[in-house]
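Colleague: I would like a close look at one part of this model. Please keep it brisk.

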Amino acid sequence: MTETTRKKGLSRRTLLKSTAGLAGLAAGSGAITGFPYVMSAEPKVLRYLGTAVNEGDEISKQCLKDTGIKIEYITATTDDVTKRVMTQPNSFDVLDTEYFALKKIVPSGNILALDARKIKEFDNITPVFTKGVTPGGKKIGGQGTAPWKVLYLEGKDSKKFATSATEFVTLIPTVYNADTLGIRPDIIKRPISSWAELLNPEFKGKASILNIPSIGIMDAAMVVEATGKYKYADKGNMTKEEIDLTMKVMTEAKKAGQFRAFWKDFNESVNLMASGETVIQSMWSPAVTKVRSMGIACTFQPLKEGYRSWASGFCVSKGVSGAKLEWAYEFVNWFLSGYAGAYLNRQGYYSAVLSTAKAHMEPYEWAYWMEGKAAEKDIKAPDGSLLEKAGAVRDGGSYEDRMGGVACWNAVMDENDYMVRKWNEFIAA
């Protein structure tokens, strides 16, 4: 985009939208949502495949109320979602997956790129996805499969990622976060400031790391670097020798009894931390939220080496067409319109469209979750349970501080098959 164009208030995307015009509306883009929903003759049902990150009964109920679209959730682990896309592309309609999985999924040809011109809020998606910077201009670490590297395809039916913006989007961004270690401060009773603490013998038998290879390897690399044992050129694209070194460090720790468990899903991580079986582990923000809602002290601990980040988005199966494709666009547009974003923000995630999420949150909620300010009132979870009392401050502070502190992203490496094999050997050791 030229400076002249910018000053005139037009962007390349705006121009693309103007050419899409009535065609986008005719295709059922949902650009004009028309809430509330008016009953149609044909039931609108979408089979939604995902990992439960964006799923929730309240979200599906509100979607049905606003659009008449019934969401049927198909929930699986991160790895199983990818396997299903590869082997059963006709078993789902809408796919909710992470950007790192695209390096596996896109070459299969089993997903359909969505048209950015049909997404009402596309221009308002945070630059975290499109430019690798925060809205405040902080540059974000790009090691790993950062979303801006794989956001666009060269063409509608292309299997190649574009190096510059096109209208063909791999995943329409929805949610993302900056992850770190979760700790039990009431048990540890001292400051924790480094990823290296995961391997501290002080926590022998009380530590855990997540057992999803493309994510766990990044946590392991953050730990290895923090201990000073090795400095990676790119944690997200290791050589075989670097994979071997990383797994050697982790395997030695495992054989010494450092790890209590290796968790694969949300509930496992919550149970380990809530029970006190672990006191330090890989964790996701809503899992910390869940433990706190149980009245148990749990901190999503900021660390000096930075955060490991991830991001998710929507696309559709290659088999989706006609009316069902129209419904998919309508659903994605609804999802970005604010209700879902606010719901997920209250769990500690971040919405891809900040402005619409903000419009669906109380000012004191936004100040706590996004601005790093002390809570003016009690902070409630989406289910209404108490998370924090007035005066509390979010772990890690503001959105700018947390996302601006990202060091790397979940990744699929060039040596991915080798990495997965070595990771599984580590788990089995």
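Into which domains is the chain divided, and which residues belong to each? Please take me through the place where they touch, then go on to strand S1.

Modeller: Bear in mind that this is a predicted model. The chain splits into domain 1, residues 44-170 + 310-336, and domain 2, residues 179-306 + 405-428. Their C-alpha centres are 27 Å apart. Domain 1 brings 18 residues to the contact, and domain 2 brings 18 residues. Together the two domains bury about 1,500 Å². Carbon and sulfur atoms account for 56% of that area. On the domain 1 side, three residues stand out: Phe100, Gln143 and Trp310. They supply 42% of the area that domain 1 buries against domain 2, more than any other three residues. Salt bridges across this interface number zero.

Now to strand S1, residues 44-50. Five of its seven residues are buried, so S1 is largely enclosed by the rest of the structure. S1 pairs with two strands named here, S2 and S3. With S2, residues 69-75, the pairing is parallel and runs over seven bridges. Leu46 stands opposite Ile71 there. Helix H3, residues 57-67, joins S1 and S2 in a right-handed β-α-β unit. With S3, residues 94-98, the pairing is also parallel, over two bridges. Here Leu49 faces Leu95.

One last residue is Lys189. Lys189 sits in the loop between helix H7 (185-188) and strand S8 (207-210). Its phi is positive, about 60 degrees, although Lys189 is not a glycine. Lys189 counts as exposed because its relative accessibility is 68%, and the cut-off is over 50%.

How values were computed. Residues are numbered from 1 along each chain as its sequence is written. This is a predicted model: local features need pLDDT of at least 70, side-chain atom pairs count only at pLDDT 80 or more; totals for chains, interfaces and linings use all residues. Side-chain values use heavy atoms; hydrogens and water are left out. Helices (H or I, at least four residues) and strands (E, at least two) are DSSP runs, numbered from the N terminus. Buried means under 20% relative accessible area, exposed over 50%, partly exposed in between (1.4 Å probe, protein chains only). Two strands pair if DSSP finds at least two bridges between them. A crossover is right-handed if, with the strands pointing away from the viewer, the path from the first strand over the helix to the second runs clockwise. Domain bounds come from an automatic or database domain assignment. Contact means heavy atoms within 4.5 Å. Buried area is the accessible area (1.4 Å probe) that two parts lose on being put together, summed over both. A salt bridge is a side-chain nitrogen of Lys or Arg within 4 Å of a carboxyl oxygen of Asp or Glu.
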